[in-house]
Amino acid sequence: MISDRLDTITVSGKKKTLFIAHRGLSGIETENTAAAFVAAANRSYFGIETDVHVTADGKYVLMHDAHTGRVADRDIDIGSSTLEELRAIAIKDKNGDTDRADLCIPLLKDYAKICKKYGKAAILELKDEFTDEQLEDIYNICKEQGEILNTVFISFYYSDVKRMKEKHPDVNCQFLTGEINDKILADLDRDNIDLDVYYMSLNKKWVKKCHKLDIAVNCWTVDHPADAENLISMGVDFITSNILE
């Protein structure tokens, strides 16, 4: 539906709900590339989301999958490859072409700089269960190259966001989950962490419960205007989308 689009789909009546560009503006440009980040940055998005992995030589690169095959001309494992090896592969354009010189795997610092330059929140997914040292490296890169208080760390690994929040209480963290229940909300309330949940798991009752506990609600990944309008009516704080604006 969105692979050949040249612009976003506008959702009316956003009210207080803020929109986040999923993996950059991935409905138009190849996900997690500087082109996708800048495309999002030049639009009305509150924030730009991306995914960080660590390479074999300790560099922090941006890609959703642990392997490159889905978006590149070759399939190699990120964790066992060096930055030089990763930069040697060609990233595919949305039509499958591999001849765009501007499409390559970015470093975390590149993304942080783009977010800072354009005044966008950096929504950074921690894709691995990182060590304490790696989490501190990631934090420091975001602090040195971007705006750390405008950075949100998110992860399906609760230990990642919990340890980040414990070490740096002022940063924003969200727990990524496919479901929502009272146990999750109790943990989030205790640890001062917000929610980033699959949108089909939400209803007005859960949003109300979250807000009563002062837990912000982000939801992923919403690409149909009717779904977004329904979530807005529930009062969600953020909507993460590939194409909606």
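**Notebook: rings, cores and cysteines**

I began with Phe-156, which is partly exposed, with a relative accessible area of 42%. The model is a predicted one, and I read every value with that in mind.

**Entry 1. The ring partner of Phe-156**

I looked for aromatic pairs and found six in the structure. One of them joins Phe-156 to Trp-220. The geometry is edge-to-face, with 5.9 Å centre to centre and 85° between the planes. I then checked where the two rings sit in the chain. Phe-156 lies in the loop between β5 (151–155) and α5 (158–167). Trp-220 belongs to strand β8 (residues 217–220). The pair therefore ties together parts that are 64 residues apart in sequence. I looked up the exposure of Trp-220 too: the residue is partly exposed, at 21% relative accessibility. The cut-off for buried is under 20%, so Trp-220 falls outside that class.

Next I followed the rings outward. Ring pairs link Phe-156 and Trp-220 with Tyr-198 and Tyr-199 into a cluster.

I also noted a charge over a ring. Lys-205 lies over the face of Trp-206, at 4.7 Å from the ring centre.

**Entry 2. The nonpolar cores**

Which residues have the most contacts inside the largest nonpolar core? I found Leu-108, Ile-138, Phe-153 and Leu-202, in a core of 61 residues. Helix α4 (residues 132–145) gives the most to this core, with five residues. Apart from it lies another core, of 14 residues. Val-71, Ile-76, Leu-86 and Leu-103 are among its members. For background, nonpolar side chains tend to be buried together in soluble globular proteins.

I took Phe-153 for a closer look. I left aside its neighbours within four places in sequence. Its contacts then include Leu-124, Leu-126, Ile-138, Tyr-139 and Cys-142. Ile-148, Val-161, Met-164 and Val-171 are also on the list. So are Asn-172, Cys-173 and Gln-174.

**Entry 3. Glu-144 in α4**

I stayed with helix α4 and looked up Glu-144, which has its place there. Is Glu-144 buried or exposed? Its relative accessibility is 58%, so Glu-144 counts as exposed. I then computed a distance to Ala-112. The two residues are 32 apart in sequence, and their C-alpha atoms are 8.8 Å apart in space.

**Entry 4. Helix α1**

I turned to helix α1 (residues 34–41). How many of its eight residues are buried? Six are, so the helix is largely enclosed by the rest of the structure. I listed the buried ones as Ala-35, Ala-36, Phe-37, Ala-39, Ala-40 and Ala-41. What do they pack against? I found three strands, β1 (18–21), β2 (47–54) and β3 (60–62), together with helix α3 (108–118).

**Entry 5. Positive phi**

I searched for positive phi in residues other than glycine. Asn-32 has phi near 55°. This residue is found in the loop between β1 and α1. Asn-32 counts as buried, at 3% relative accessibility.

Asn-192 has a positive phi as well, near 60°. Its loop runs between α6 (182–191) and β7 (194–198). Asn-192 counts as exposed, at 51% relative accessibility.

**Entry 6. Asn-242 and its polar contacts**

I moved on to the segment after β9 (238–241), where Asn-242 lies. Asn-242 is buried, with a relative accessibility of 13%. Which side chains does its own side chain reach? One polar contact goes to the side chain of His-22, at 2.8 Å. Another goes to the side chain of Asp-223, at 2.8 Å.

**Entry 7. Cysteines**

I checked for disulfides and found zero. I took Cys-104 as a test case. Its sulfur is 16 Å from the closest cysteine sulfur, that of Cys-115, so the gap is too far for a bond. Cys-104 is partly exposed, at 28% relative accessible area.

Cys-173 is in no disulfide either. The nearest cysteine sulfur to Cys-173 is that of Cys-142, 11 Å away. Cys-173 counts as buried, at 1% relative accessibility. I had met both Cys-142 and Cys-173 before, among the contacts of Phe-153.

Definitions and conventions. Residues are numbered from 1 along each chain as its sequence is written. This is a predicted model: local features need pLDDT of at least 70, side-chain atom pairs count only at pLDDT 80 or more; totals for chains, interfaces and linings use all residues. Side-chain values use heavy atoms; hydrogens and water are left out. A nonpolar core is a set of buried Ala, Val, Leu, Ile, Met, Phe, Trp, Tyr and Cys residues joined through side-chain atoms within 4.5 Å. Buried means under 20% relative accessible area, exposed over 50%, partly exposed in between (1.4 Å probe, protein chains only). Helices (H or I, at least four residues) and strands (E, at least two) are DSSP runs, numbered from the N terminus. Contact means heavy atoms within 4.5 Å. Rings of Phe, Tyr and Trp (its six-membered ring) pair if their centres lie within 6.5 Å; planes under 30 degrees apart count as stacked, over 60 as edge-to-face and the rest as tilted. A charge sits over a ring if NZ of Lys or CZ of Arg is within 6 Å of the ring centre and within 35 degrees of the ring normal. A polar contact is a pair of N or O atoms within 3.5 Å; within protein, one must be able to donate a hydrogen and the other to accept it, and residues adjacent in sequence count only if both atoms are side-chain atoms. A disulfide is a pair of cysteine sulfur atoms within 2.5 Å.
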